[in-house]
Structures are given as C-alpha cells and as structure tokens.
Amino acid sequence: MTTTSSATETFADEWRQWHAEHEKNRADGHGFLAITGLYWLSAEPTTLPDAPGTWITGENGPVVELGESESLTVGGERVTGRHEFGPIPERGGVNAEFDGGVIEVARRGGRDLLRPRRPDNAFLKEYQGNPAFSPDPAWRVDARFVPWDEPRAVTVGAAVDDLQHVYDSPGQVEFEIDGETHRLTTFPGHEPGSLFVLFTDQTSGITTYGANRSIAIAAPDAAGHTVLDFNRAVNLPCAHTDFATCPLPPAENRLPIAVEAGEKTPKSRLVGKVTDTGITL
C-alpha cells in the first residue's frame with residue numbers, strides 16, 4: 001500500500017466517522033426530523049393537535065395557557081397555568097418539555113413560532129440516512145478569508161414564503177478549483193471565529209438538494225488561511241422537512257461548477273408525495 005493510498009483511506013475513515021456522528025445528531029428524538037408541525041404565533045389563540053397549551057404572542061413574547069391537567073418543563077422547572085416566555089431573540093429559541101416530546105418556542109424572521117418535536121414521529125422512525133458522494137481529498141481545498149472593511153448585513157430568503165433572514169457577514173472565503181478562483185460570502189459559525197457558508201452549484205436540483213447546502217469552516221489563522229471541505233457539505237433541515245425555515249444562499253454563492261462532494265438529495269425528497277403528516281416527500 002502506498003503512502004498516498006493510505007492517506008486517502010485515512011481521510012475516508014475520518015469522513016465516515018464524522019458523517020455517522022452528523023447522522024446521529026440529525027436523527028435525535030428531539031431533532032428536526034422529529035418535528036410534527038410548524039405554527040406561526042399571533043394575538044389569536046393557537047392550539048396544537050399533539051402538544052399541550054393554548055398559545056399567543058405579542059410585544060412581550062409568547063405566552064401559553066395550560067389546561068388543568070397540563071404542564072410543561074421549562075429550564076428544568078415545571079410550569080402550570082399561564083406562563084410567559086418573554087421576548088425571544090432572533091434565531092433564538094427555548095424548548096418546553098412535555099410528556100411525549102418538546103415544543104420548540106423560537107423566533108425566525110421577526111415572527112414567533114412553535115414546532116413540536118416527538119420521538120415517535122413516523123417520519124423520524126422511517127429515516128434511513130442521507131446519501132452522499134464518496135469522500136474525495138481533492139474536494140478539500142485551501143481557502144483564504146478576505147474580510148470586509150466592516151461586517152455587512154446580508155439579507156437572504158428562506159425555505160418558507162414571505163420570510164427573510166439577516167446575517168452579519170464578516171467577509172468572504174476565496175479558493176481555487178481547476179485553476180479558477182471563486183469566492184463565497186460567509187456568516188459567523190457556532191464556535192468563536194468560525195464561519196459557515198450557504199451555497200448552490202451545478203449539481204443543485206440534479207443530484208443534490210436544489211435550495212442550499214452548508215459547510216462549516218474552521219476559524220482562519222492570523223494570515224487568513226483556512227480550509228473549505230466540500231466533502232462535509234451538508235443538507236439543512238429544509239431538505240428533509242417542510243417545517244424548517246432555513247436560509248437560502250445569497251446570489252453570489254451560486255457556484256458555476258459542479259461540486260460532486262458532500263450530501264446528495266435525501267431519498268425522501270425524490271419520492272414526490274405528501275404524507276398524512278403534511279410533510280412533502
């Protein structure tokens with residue numbers, strides 16, 4: 001076995017371990033595949049068919065009125081009767097636990113919403129994984145972070161109609177593939193200094209999900225160097241469920257190349273039917 005083939009096998013093994021962990025998190029009993037509905041709150045009372053409470057929202061945030069035999073656990077404390085959640089920050093959320101699942105109380109695009117999540121959701125129980133291209137080290141490319149003079153507010157569309165997301169972009173990542181230079185606008189990642197990108201490419205809508213894919217990027221070093229690993233391009237929740245509010249890529253992040261790496265279109269999206277749960281498959 002040559003050193004090159006050994007390194008390739010190691011790379012593939014590391015990718016398989018990473019993807020297995022990603023799939024495990026995706027299929028969590030309280031994850032996105034467990035969502036049974038999406039409910040936008042207003043001043044008009046909203047009740048849920050499979051979770052407790054009557055809900056409203058206003059300037060002071062979501063409020064739930066629980067029936068005599070109903071309760072929720074919020075922040076480790078059991079609540080009954082009327083409970084005020086207070087204002088929810090944009091892209092923030094709180095999980096309210098109940099017997100049988102949790103209710104995500106969140107805010108997206110300036111509107112409050114509820115998403116019950118149940119581990120017995122049929123869609124979750126039938127999930128068999130997301131297909132992906134075989135890992136290829138050639139799609140792990142060096143990149144250079146190019147910051148803006150000042151962070152820029154970037155407005156992007158969403159997977160649901162009449163909703164927009166606004167992110168403060170710190171800059172772009174620049175990279176080369178087959179001698180051509182490309183740039184992608186970045187947004188802040190989960191870890192300090194880290195980034196993520198939303199993108200589409202020439203495989204989108206053919207072998208990969210048409211709306212978007214995402215890549216997490218490690219924090220650049222002092223010289224701006226980082227790595228863009230397209231093998232770790234993943235589908236956002238909207239690729240699996242219509243109950244997601246995922247952001248769409250900015251226009252400049254539509255790559256003119258075919259990125260045959262990372263996750264492909266989920267099998268559920270290839271069937272093209274609507275189940276009795278309301279999820280388009």
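**Figure 1. Ala-216, an exposed residue of strand S16****.** At 67% relative accessibility, Ala-216 is classed as exposed, because the cut-off for that class is over 50%. The model shown here and in the other views is predicted. Ala-216 belongs to strand S16, which spans residues 213-217. Setting aside neighbours within four places in sequence, Ala-216 contacts Leu-195 and Phe-196. Val-227 is eleven residues from Ala-216 in sequence. Their C-alpha atoms are 9.8 Å apart in space.

**Figure 2. Ile-215, a buried residue of strand S16****.** Ile-215 sits in strand S16. Its relative accessible area is 0%, so Ile-215 is buried. Not counting residues up to four places away in sequence, Ile-215 touches Leu-195, Phe-196, Val-197 and Phe-199. On the same terms, Ile-215 also touches Leu-228, Asp-229, Phe-230, Arg-232 and Ala-233. Leu-198 is 17 residues away along the chain from Ile-215. The C-alpha atoms of Ile-215 and Leu-198 are separated by 6.8 Å.

**Figure 3. The largest nonpolar core****.** This core has 20 residues. Which of them touch the most other members? They are Phe-175, Leu-228 and Phe-230. Four strands give two or more residues each to this core: S11 (140-157), S12 (164-177), S15 (195-199) and S16 (213-217). Another core, of 17 residues, lies apart from it. Ala-51, Phe-85, Ile-103 and Val-105 are among the residues of that other core. In soluble globular proteins, nonpolar side chains tend to be buried together.

**Figure 4. Contacts of Phe-230****.** Residues up to four places away in sequence are not counted in this view. Phe-230 touches Trp-139, Val-141, Phe-175, Ile-177 and Phe-199. Phe-230 also touches Ile-215, Leu-255, Val-259, Ala-261 and Gly-262. Phe-175 and Phe-230 are both among the residues that touch the most other members of the largest nonpolar core.

**Figure 5. The largest pocket and its lining****.** About 1400 Å³ of space lies in this pocket. Its lining comprises 39 residues. Nearest the centre of the pocket are His-190, Phe-196, Ser-214, Val-234 and Leu-236. Helix H1 (3-26) and strands S12, S15, S16 and S17 each supply at least two lining residues. Which element gives the largest share of the lining? That element is H1, with five residues. By residue class, the lining divides into 18 nonpolar, eleven polar and ten charged.

**Figure 6. Cys-238 and Cys-246, two cysteines without a disulfide****.** A disulfide is a covalent bond between the sulfur atoms of two cysteines. Why is the sulfur of Cys-238 not bonded to the closest cysteine sulfur, in Cys-246? The two sulfurs are 3.4 Å apart, too far for a bond, because the cut-off for a disulfide is within 2.5 Å. Cys-246 is likewise in no disulfide, and its nearest cysteine sulfur is that of Cys-238. The disulfide count for the model comes to zero. Cys-238 is buried, with a relative accessible area of 2%. Cys-246 also counts as buried, at 6% relative accessibility.

**Figure 7. Positive phi at Arg-91 and Asp-162****.** Arg-91 is not a glycine, yet has a positive phi of about 65°. Arg-91 lies in the loop between strand S7 (82-84) and strand S8 (93-98). With a relative accessible area of 37%, Arg-91 is partly exposed. Asp-162, also a residue other than glycine, has a positive phi near 60°. Asp-162 is placed in the loop between S11 and S12. Is Asp-162 buried or exposed? At 76% relative accessibility, Asp-162 counts as exposed.

**Figure 8. Two exposed residues, Ala-222 and Glu-150****.** Ala-222 is in the loop between S16 and strand S17 (225-229). Ala-222 has 91% relative accessibility and counts as exposed. Along the sequence, Ala-222 and Phe-145 are 77 residues apart. In space, their C-alpha atoms are 10.0 Å apart. Glu-150 lies in strand S11. At 57% relative accessibility, Glu-150 counts as exposed. Asp-168 is 18 residues from Glu-150 along the chain. The C-alpha atoms of Glu-150 and Asp-168 are separated by 9.6 Å.

Definitions and conventions:
Residues numbered from 1 in each chain as written. Predicted model: local features only at pLDDT ≥ 70, side-chain atom pairs only at ≥ 80, totals over all residues. Heavy atoms only, no water. Core = buried A, V, L, I, M, F, W, Y, C linked by side-chain atoms within 4.5 Å. Buried < 20%, exposed > 50% of the residue type's maximum accessible area, 1.4 Å probe, protein only. Contact = heavy atoms within 4.5 Å. 1 Å grid on protein atoms, 1.4 Å probe; cavity = no way out; pocket = protein on both sides within 12 Å on 5 of 7 lines; lining within 4 Å. Points joined across faces, edges and corners; volume = space filled by probe spheres on them. Nonpolar A, V, L, I, M, F, W, Y, C, P; charged D, E, K, R; others polar.
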